[in-house]
Amino acid sequence: MLAVKLLIREIRNGDVLTLLFALILSVSTVTGIDLFVDRLQTSFTIQSATLLAADRVVRSNTAITNERMEYAKEQGLETAQKTSFSSMVFSNEGLQLSQLSAVTGNYPLRGSYLVDDDLFGAGYSVEDGPSEGDIWVSSRLASLLGVGIGDAVQVGETDLTIRHYLVRDPGSTGSAFAIAPRAVINQDDLLKTQVIQPGSRVRYSLLLAGNEDALNQYEAWITPNLEKGERWRTPKSGGQGINSAIERAESFLLLAGTLAVVMSGVAMALASSRYVRRHLTQVAVIKTLGATPKKIAQLLLSQLAIIFLVGTGLGLLLGWLIQEVIALSLASLLSTVLPAASISNLWLGMVTGLMSLFAFCLPLLMRLFDVSPLTVLHPAGKVQLKSLQLYIIALTGMYLLMVVYTGGLLLPSIMIAAIFMVAVAIGIIGYGLFKLGRVLTSGAVSGWQIGLASLHRRLMGNLFQLLVFTLIIMLGLILIGVKSSLISDWQRQLPVDAPNHYLFNVQEGEVKQISDIADNLQIPVSEWYPMVRGRVVQINGQDADLLYTSDDKEPELLSREMNLTWSNELAEDNVLLEGEFGGNVNGLSIEEEVAKEIGLKIGDTLGVKIGGLDYQLPITSIRSVDWSSMRPNFYLILPQSILSDFPANYVSSVFIDKDNVQSFYKKMADFPTVSMLNVGDLIQQIQLIIAQVSQAIQLVLFFILSSAVLVLNASVRASLDERLEEGALLRTLGASKTLIRQSMLVEFGFLGFSAGVIGALAAELSLFGLQVFVFELAPSFHPLMWFLGPMTGFVVVSIIGLYAGKSVLTVPPMRMLRSL
Amino acid sequence: MKTNLAIKTQNLTHTVKTAADDLTILNDISMSIEEGESVAIVGASGSGKSTLLGLIAGLDVCSDGDVLLYGHNLSKLDEEKRADLRGQYVGFVFQSFHLLPSLTALENVMLPGELKGDKDAKRKATEFLEQVGLEHRLQHYPRQLSGGEQQRVAVARAFASSPKVLFADEPTGNLDSENGKMVTDLLFGLNEKQGTTLVLVTHDASLAQRCSRQIMMSSGKIIESLGKE
C-alpha cells in the first residue's frame, strides 16, 4: 500500500515522528493520569467502605424486613446485620450505660475489627465479630466496670464473657456522636438479652457487599422505596470528614488531569500545524505528478489513520506503564496496595487520540486536499492555514476533550475562559511590549536592536508563540501552586497532631479538671465549646413541619435536634462568608451548606426551640466550615445571651499520641459520664488520602513539565525556518556570530520572559479562583511564581531557541539559504 | 482523440482579484505547440510566462478561453480529471527542484510510477538516474545533494513518468553555468530520445536558443513567436 510505503519513508524526515510523539504524549498523559486517578478513587472508595464496614448499608429505625434481605440475596450480594442500641451493662462492681452493637458472625463485610487482650492496648485486626456468648468491651468500659478478660458481665437477661478489649469497630468510626463506651456482642445473643422492647431506640443496619452492578441495581430498587426512618448509606455518605477529604482529593486530581489535557491539546495542535505546513509544497508537487485530489485525500487520510492507530496504541501502552510506575512508587511510600487499573478505562485515551486528530489535525489536513498544484510555481498561492475557523474547531475540540475527561462543564468552561482571557491579554500586552521594545531601540547595530526588531516584525507569529509559551508556563505554575500551596494548606489543616479524640458531655465543673489532666500529660486541648440542644422549628415565621412534610426531603437543619453553641471568635477552620460575627451581634451564624440547602440568607429569621422556649433569631452571618479539620464544629452558633441561661455540656477535641493513650483513658475513668470518641482512624485515612494526592500531583506535575519542555521545543522549532533564514542573511551581510547569538537570545529571551510574567499573572489569578471558589481555602499570594515564571521562561525558551537555532551559527550561510 | 497538436490555447485570458480591482495577467492568448516541438517562453519578470506555463500544464484553470492538451479541454475539466491528465501526459521540472525532502533520490524518481501503481517503478527509476549520471547517488537524500544533482534528480523524475509534454520552469535558474549546461543537455537529450514535447520558461538566452521556437511575452500578451532559423 502506497500510503504505508510513503509514511514509512516520511518517518525519517521527522515531521511524522513529531506528530506521532505528540499523539503518544496526549494519549499517554490522559490515559496514565486517568487510570491512576481511577485507581486512587477506587482506593478511596475502598477506604471509605472500610469505615462503613460494607459497600452499602441500609439503616433503619425498625427491624430490617425480609424483603430487603431477599432482594439482596437475589442480586448475589453478601449481607451482614448489625443492631445498635444503648443498654446498661452490669458487672459485680457496678453498672454503666453503654453503646452496644449486636452483629452477625460475618460482620464486618469490609475492613476489620481492631481488638486487644491488654487494657488500652493498640490492637490487632480480627476479621469476624464476637462468637455467641462472648462480648468485646472497650477498655474504657472495662475500666468503668472494673472487669477484665474472662470476666462475665450481664446485658439484660443474659451473661456474656469478655473475650477481647474492643479498640475499633470499623462501622462506627465515622458516626461522630455515639457517646457512651462501646461493646459488641453476637446477633444470636440479642434475643436472649431481651433488652430490645417496643419503644426502644434501636438502629438496625443491613450491610451489603458485592459487585458494583449488583449494588447499583439494589440502589435503584431501594431508593424509591425507602420507608420512613430508613436511610441508604454509601461510602460517599459516610463521615463528613472523610467525604470532604475525598471530594477535595478528587478535585485536585481532576484539575491536574484537566491541565494535562490542555497541555496535550496544545502539543497536538502545534505538531499538526507543523506537519501540515511542511506538507503543503509536497502535496502540490505530488499533484503535479498526476495524483488526483481523491488520491491525495486517500493517501493523507490513510496515513492519518495509521498514525492514529500506532500513536494511540503506543500512547495507551505508555499510559498504562506510567500509571503502573506511579502506583509502584506510591506503594513503596505509603505501604498501601492500590486496586488494579481497569482496562475498560482505556477508552478515554482512545477518545483523546481520536478527538486530537479530529480537532487539531484533520481540519488542517483537509486544507491540503485543496492545495493548488500551482503552489509549486507561485508560493503566494498557498492555502491559508491560520484562520478563525481552525482556532474555533481546535478550541471546541479541546473543550469537548475536557468535558469528556471531567464529566462536567464547570472546569472545562473555566479553563477555556482562562485560555481566552490569556489570549486577549497577550494580544494587548504582547503587542504593547513588542512595539515599545522596537520604539526604544530602533536601528540594527546591536543584538538588542535586531532581536527586538524581529519580535516586532513577525508580530502575529510571535504573539501566537507567546500565547503558547504563556499557556504552558501558566499550566506548570498552577500545578506547582496547587502542589506547594493548596495541598500544603490542606496538610496544615490536618497536621500530625490534629485532634484525634472528641470529648463530649463534659459538665462545666469538669472542664478544668480534664484540662488539668491533659496539661499534665502534655496533651493539647482545643477550645471548649458549650453545647445546648435545640431544634429549628420555624423559618421566617412559618412552621418547619408545614414547609417540609415528606420525610426524605427534609433538610439536614430541620431533621433533628442539634447542638447549639456560642462563641465570640470565629474558629480557625471557619471562614466568614457573609455578614458579621462576634460577641455584639444579636443573631445567629449558620453554616454555608445547610443554609444553601434551604436557601437561607442574611436577614432570614429562624425560630429555634430550646428547652421548651422559642426564640426568633435573624441570620447575621454565614460561615464555611472545614469539616475535615476534626475539631468540634457547629451548624448554628447563637448569641451567648440566649444560651447561657441553659445548662450546657462542653465539647472539645484533643490530640493524644500513642504513648499517652493508656494514661489518659485511665484518668478519664474518673469521669464516667464523659464520653470520648476516637477519630484517630478517620484522621489517619484522611492523612493517607492527602499523602496519596500530594504524591500523585507531584508525579503529574513532573509529567506535565516534561511534556511542556517537549511542547516548547516543538513550538520553537515550528517558527525556526524564518528565523534561520534571517540569521543566514545577516551572516552573509557580515554579521558576527556573537551579534546573531545575541539577537536570538534577545528574541527568545524576551519571548520567554514575557510569557513567564503573563503566565505568572494568569496562574496567580487562577489559583486565587481555585482557592476561593473550588477548594474553599483562604486566598494567598504566591511570590515564588513571580520569580519562577519569568526566570524559567527566560532560561528554558532561550536555551531551546539557541540550541534549535545553533545551525545558523555553524552551517555556512549559503548552504543554510539553499536548504530552506 | 489523437492529434498532432500537443497544446492549443484559444483566447486564453487570466485575471486575478486584487484588493483594488481585477488584474489581467494573461490577455487573449491564442497559440499552439506541436508534438515533439521544443518551445521556450521568454520575457521580462511579471510578463505572465510562469502563469501561462501553469495554465497550459493544467496546474490551474484560466478565467476565460480554452486550453487544449492533446485535445482535452482543460478549462472544462475539474481538478480530479486534470490531475489524471497530468499523470498521463505531463512531466515537470521546477526552478527550485521541489524534491520531497523525506525521500531518497531513487524514491523521488519512483514516486510518479508508484502513484500510477507501476510495479516496475524501481527499475525504471534506477535507469533514469543512471541516464542523468546519478547511479552512485540513489540512496542520498535531497539535502545531501548539490543543486545541480538535485535538478538532475528532478529531470529524471520528470522523464520517469514517460510524459508526452515536459514543462520546465526556469530549470537552470538556480544553477551555476556548468550545472546549468549539464541539466540543459540532459533535458534536450532525453527530449530527443523520447520524442517529448518540451515547453520551458526561462531567462537564460542560451537555453532559449536551443529550443525550436521562442515565444516572447510582455504584459500578458505574446508579442512575438520566433522559429529556429
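Between which strands of chain A does the loop lie that is the place of A:Thr104?

## A loop residue in chain A

In this predicted model, A:Thr104 is found in the loop that lies between strand E3 (95–103) and strand E4 (113–116) of chain A. The side chain of A:Thr104 reaches the backbone nitrogen of A:Gln81 at 3.0 Å, and A:Gln81 also appears among the residues in contact with A:Thr104 once neighbours within four places in sequence are set aside, together with A:Ala80 and A:Gln187.

## The interface of chain A and chain B

The two chains meet through 28 residues of chain A, which are in contact with 30 residues of chain B. Between them, chain A and chain B bury about 2,700 Å², and 64% of this area is on carbon and sulfur atoms. On the side of chain A, the residues A:Arg9, A:Leu289 and A:Leu377 supply 24% of the area buried against chain B, which is more than any other three residues supply.

As for specific pairings, the rule finds zero salt bridges across the interface of chain A and chain B, whereas four residue pairs are counted in polar contact between the two chains, with both residues at pLDDT 80 or more. The elements that give two or more residues to the side of chain A that touches chain B are helix H1 (2–11), helix H7 (240–288) and helix H8 (293–334) of chain A; of these, H7(A) gives the most, with six residues. Sorted by class, this side of chain A has twelve nonpolar, eight polar and eight charged residues.

## The four-stranded sheet of chain B

Chain B has an open sheet of four strands in the order E2-E1-E4-E5, with antiparallel pairing, and its edge strands are E2 and strand E5 (72–73) of chain B, each of which pairs on one side only. Strand E1 (residues 5–17) and strand E2 (residues 22–34) of chain B run antiparallel and are joined by nine bridges, while a hairpin of four residues leads from E1(B) to E2(B). Within this pair, B:Thr15 stands opposite B:Thr24 in E2(B), and B:Val16 stands opposite B:Leu23 in E2(B).

E1(B) also pairs with strand E4 (residues 64–69) of chain B, in the antiparallel sense and over five bridges, and here B:Gln10 stands opposite B:Asp66 in E4(B). Helix H1 (residues 49–56) of chain B lies across E1, E2 and E4 of chain B and runs at about 60° to E2(B).

## The six-stranded sheet of chain B

An open sheet of six strands in chain B follows the order E6-E7-E8-E3-E9-E10, and its pairing is mixed. Strand E6 (90–93) and strand E10 (221–227) of chain B stand at the edges with a single partner strand each, so that one side of each is left without a neighbour in the sheet. From one strand to the next, the twist averages 20°.

At one of these edges, E6(B) pairs with strand E7 (residues 165–169) of chain B in the parallel sense over four bridges, and B:Val93 stands opposite B:Ala168 in E7(B). Helix H2 (residues 79–89) of chain B packs on the sheet, where H2(B) touches E6 and E7 of chain B and has a direction that makes about 80° with that of E6(B). Helix H5 (residues 147–160) of chain B likewise lies across E6 and E7 of chain B, but H5(B) runs at about 175° to E6(B).

Conventions
Residues numbered from 1 in each chain as written. Chains lettered and ligands numbered in written order. Predicted model: local features only at pLDDT ≥ 70, side-chain atom pairs only at ≥ 80, totals over all residues. Heavy atoms only, no water. Pairing = 2+ DSSP bridges. Axes fitted to C-alpha atoms, helices over the stretch in contact; angles between N-to-C directions. Contact = heavy atoms within 4.5 Å. Buried area = accessible area lost by both parts, 1.4 Å probe. Salt bridge = Lys/Arg side-chain N within 4 Å of Asp/Glu carboxyl O. Polar contact = N/O pair within 3.5 Å; in protein donor to acceptor, adjacent residues only side chain to side chain. Nonpolar A, V, L, I, M, F, W, Y, C, P; charged D, E, K, R; others polar.
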